[in-house]
Amino acid sequence: MKNRIRQRRAARSGFTLIEIMLVLVIIAAVAGIAVFNLAGAQDAAFKKTAAAQINSLKSQLDFYKLQMRTYPPTLEALYEAPSDADKSQWTQISREPVKPDPWARPFEYKINGDSYELRSLGPDGQSGTDDDITG
């Protein structure tokens, strides 16, 4: 009789397959919700980082204009002297080459006479869409 009681207790001491699967489904659901929420946070952080980079670049572009009396032909001119620049006036403004935006794409820079346009193409990588960041 004692043997049967011990066998029943031994058979009941583990988890059933249904219980293990239920726990796995719950863990997967919680992980899915967490990933969804974190993806939104990363996108917001990327947008703020791009706006900060653009503001920094704007300051550098304005400083370049003060020195050279014109905006640079490219963003690289903030780090390396353009071939057509007056070397006596040009000084290195940026300590390193211009880094790409948080999505690893170059910033879009266009000169419009005495002004310029500077933008990050945003998450979709398309110019002129609603998610472009202009600072």
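**A walk around Ser-94**

Hi everyone, let's start with one residue: Ser-94 counts as buried, because its relative accessibility is 9% (buried means under 20% relative accessible area, exposed over 50%, and partly exposed in between, with a 1.4 Å probe and protein chains only). Before going on, a word on the model: it is predicted, so local features need pLDDT of at least 70 and side-chain atom pairs count only at pLDDT 80 or more, while totals for chains, interfaces and linings use all residues. Residues are numbered from 1 along each chain as its sequence is written, and side-chain values use heavy atoms, with hydrogens and water left out.

Now the overall layout. The protein has 2 helices and 2 strands, and along the sequence they follow the pattern α-α-β-β. Helices here are DSSP runs of H or I with at least four residues, strands are runs of E with at least two, and both are numbered from the N terminus. Of the 135 residues, 23% count as buried.

Where does Ser-94 lie? You will find Ser-94 in the loop between helix H2 (17-68) and strand S1 (108-112). Leaving aside neighbours within four places in sequence, Ser-94 is in contact with Gln-60, Leu-78 and Tyr-79, where contact means heavy atoms within 4.5 Å. Take Leu-78: Ser-94 and Leu-78 are 16 residues apart in sequence, and their C-alpha atoms are 5.5 Å apart in space. Looking at the whole protein, among contacts with a separation of 6 or more, 41% join residues 24 or more positions apart.

Ser-94 also helps line the largest pocket, along with residues including Gln-53, Gln-60, Arg-95, Pro-97 and Phe-107. The volume of that pocket is about 210 Å³. A pocket is found on a 1 Å grid over the protein atoms alone, as an open set of points where a 1.4 Å probe fits, with protein on both sides within 12 Å along at least five of seven lines; lining residues have an atom within 4 Å of a point. Grid points are joined across faces, edges and corners, and the volume is the space filled by probe spheres set on the points. What classes of residue make up the lining? There are 4 nonpolar, 4 polar and 3 charged residues (Ala, Val, Leu, Ile, Met, Phe, Trp, Tyr, Cys and Pro count as nonpolar, Asp, Glu, Lys and Arg as charged, and the others, Gly among them, as polar).

Next, the core. The largest nonpolar core has 18 residues, and Leu-61, Tyr-64, Leu-75, Leu-78, Tyr-109 and Leu-118 have the most contacts inside it. H2 and strand S2 (115-119) are the elements that give two or more residues to this core, and H2 gives the most, with 6 residues. Such a core is a set of buried Ala, Val, Leu, Ile, Met, Phe, Trp, Tyr and Cys residues joined through side-chain atoms within 4.5 Å. Tyr-64 is a good one to click on: beyond four places in sequence, Tyr-64 touches residues including Arg-69, Tyr-71, Leu-78, Trp-90 and Ile-93.

On to the rings. The structure holds 3 aromatic pairs. One is formed by Phe-46 and Trp-103, edge-to-face, with 5.6 Å centre to centre and 90° between the planes. Phe-46 is in helix H2 and Trp-103 is in the loop between H2 and S1, so this pair ties together parts that are 57 residues apart in sequence. Phe-46 is partly exposed at 26% relative accessible area, while Trp-103 is buried at 16%. Another pair, Tyr-109 and Tyr-116, is tilted, because the ring centres are 6.1 Å apart and the planes are at 45°. Rings of Phe, Tyr and Trp (its six-membered ring) pair if their centres lie within 6.5 Å; planes under 30 degrees apart are stacked, over 60 edge-to-face, and the rest tilted. Both Tyr-109 and Tyr-116 are buried, and together with Tyr-71 they form one aromatic cluster.

Last stop, the backbone. Most residues other than glycine have a negative phi. Arg-69, however, has a positive phi near 70°, and Ala-104 has a positive phi near 65°. Arg-69 sits in the loop between H2 and S1, and Ala-104 is found in the loop between H2 and S1 too. Arg-69 is exposed at 65% relative accessibility, and Ala-104 is exposed at 60%. Thanks for listening!
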